[in-house]
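Me: Please take a close look at the pockets of this model, with most attention to the second largest pocket. Which helices supply its lining, and what kinds of residues are found there?

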Amino acid sequence: MTSRILIQNGTLITFGSPCQVLEGQALLIEDGRIARIAPKESIPGPFDQILDARGQLVMPGLVNAHMHFYSTLVRGLGKAAPSANFQEVLDNLWWRLDRKLTLDDVEMSAEIILLDAIRKGTTTLVDHHASPFAVQGSLDRIARAVKKAGVRACLCYEVSDRDGEAIITEGLEENAAFARRCAAEGDAQLRPLFGLHAAFTLSDRTLERASALGRELGIGFHVHVAEAASDVAANLDRHALTPVARLDRFGLLGRGSIAAHAVHVTDADMDILAATGTFVAHNPQSNLNNAVGIANVQTLVQRGVRVGLGTDAMTVNMLEELRVGLWAQHLRQDNPTCAFMELANTLVARNPELASQLFGFPLGTLEEGAAADVILVDYHAPTPLDGNTVLGHLIFGISQATVDTTICAGRVLMAGKRLMIDVDEARLAARSRELAASLWERF
Ligand SMILES: [Zn+2]
């Protein structure tokens, strides 16, 4: 069945580099792909659906390069002890929480946050999952939520030594099982990566096992790298290597791998990240919240590192994350006009590149042949909007605008700000509150 959707009368913002603004162009969706971008008179019907985007921007669905769905049920939890540093944040909150998660909690967390993602126009999310006492089957449960929401996600399980040998093995196997499932099914909404927590919670032996298995599966790795200074200190102390150098020694970096954070990296580390083509996911709101410092995006980019943008579960609103990223970089560099292009490109150019690489087809830009992941955003430009001004509009204006319509793989997930997928949101939220109350009880 061929479904043809025509989007007309909107202003197109293409993303990619350069990010272009196209007026007078309609966009035809056919078979889940963007089939044509041309004046509407030149696109013959019939159409199954015509969307009038007058007063709206037509943009690609946004990509989140680092996310943790499982943190959804922590919203409002006030029981964690005050933490003086990042290790205490992990000990007092995240590692206490994730040990109590059940498979039902895991699936619900994903279901809830993915509705938010649809509302904010984020249609591809690269998740990093942990539930050490509910490992087996966790990625299938998240995948079920992803399928239900109709978005795309790249999933992994974060292997860590912190809960002992049996759980290390379960984590390794969970990554492998999900990767094999993806390879067998070829579902265009799901992709695998091999998840690792961070070098400071992984022994050489576990890194070796993960490296061998990841190579056998032919997938890249997704790992937290030098998020806090304590990660660097622990690795230097125990292994006389920085986290970047140590992960590189085990063959865990490369074009298919994501290093989340890279806040505390040396010049030599940056050169390794650049030489291996490793993708760095910058998460400014999380870095601010955890008071771990801010990645030096300006220098990373200048040294040739591919830097994209994640949210580390602080939000699913990518333009909000980008905006905060720019302010944070100004503070980091003590310079109120620096790093504009470096930051803007994380979301506009690098994230689409990452998603296209992970999924194996063009994704995250408006171009003929790319996946039909498209959003309509209410926005009447109050100042000239063209190729020279579009990045300023994205950060200062469009980030504050409302997403009206979200389409993924040619399927309309939200229209007129109403979810079009099969979900009773009130009932889902009620069930989620029950699960959260019980989780908080066990916390
Ligand atoms: Zn993270």
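Reply: In this predicted model, the lining of the second largest pocket draws at least two residues from each of two helices, α2 and α14 (425-442). Of these, α14 provides the largest share of that lining, with eight residues. The space in the second largest pocket comes to about 270 Å³, and 15 residues line it, those closest to its centre being Leu-73, Arg-75, Ile-112, Ser-432 and Arg-433. Sorted by class, the lining of the second largest pocket holds nine nonpolar residues, two polar ones and four charged ones.

The largest pocket can be described along the same lines, beginning with its volume of about 660 Å³. Its lining is made up of 29 residues, among which Ser-71, Trp-94, Asp-312, Ala-313 and Met-314 lie closest to the centre of the pocket. Three helices, α1 (86-98), α2 (103-120) and α9 (284-290), each contribute at least two residues to the lining of the largest pocket, and α1 gives the most, namely six residues. By class, the lining of the largest pocket consists of 12 nonpolar, 10 polar and seven charged residues.

Taken together, these descriptions place α2 in both linings, since α2 supplies at least two residues to the largest pocket and at least two to the second largest pocket. The main contributor to the lining is α1 for the largest pocket, whereas for the second largest pocket it is α14.

Conventions: Residues numbered from 1 in each chain as written. Predicted model: local features only at pLDDT ≥ 70, side-chain atom pairs only at ≥ 80, totals over all residues. Heavy atoms only, no water. 1 Å grid on protein atoms, 1.4 Å probe; cavity = no way out; pocket = protein on both sides within 12 Å on 5 of 7 lines; lining within 4 Å. Points joined across faces, edges and corners; volume = space filled by probe spheres on them. Helix = DSSP H or I, 4+ residues; strand = E, 2+ residues; numbered from the N terminus. Nonpolar A, V, L, I, M, F, W, Y, C, P; charged D, E, K, R; others polar.
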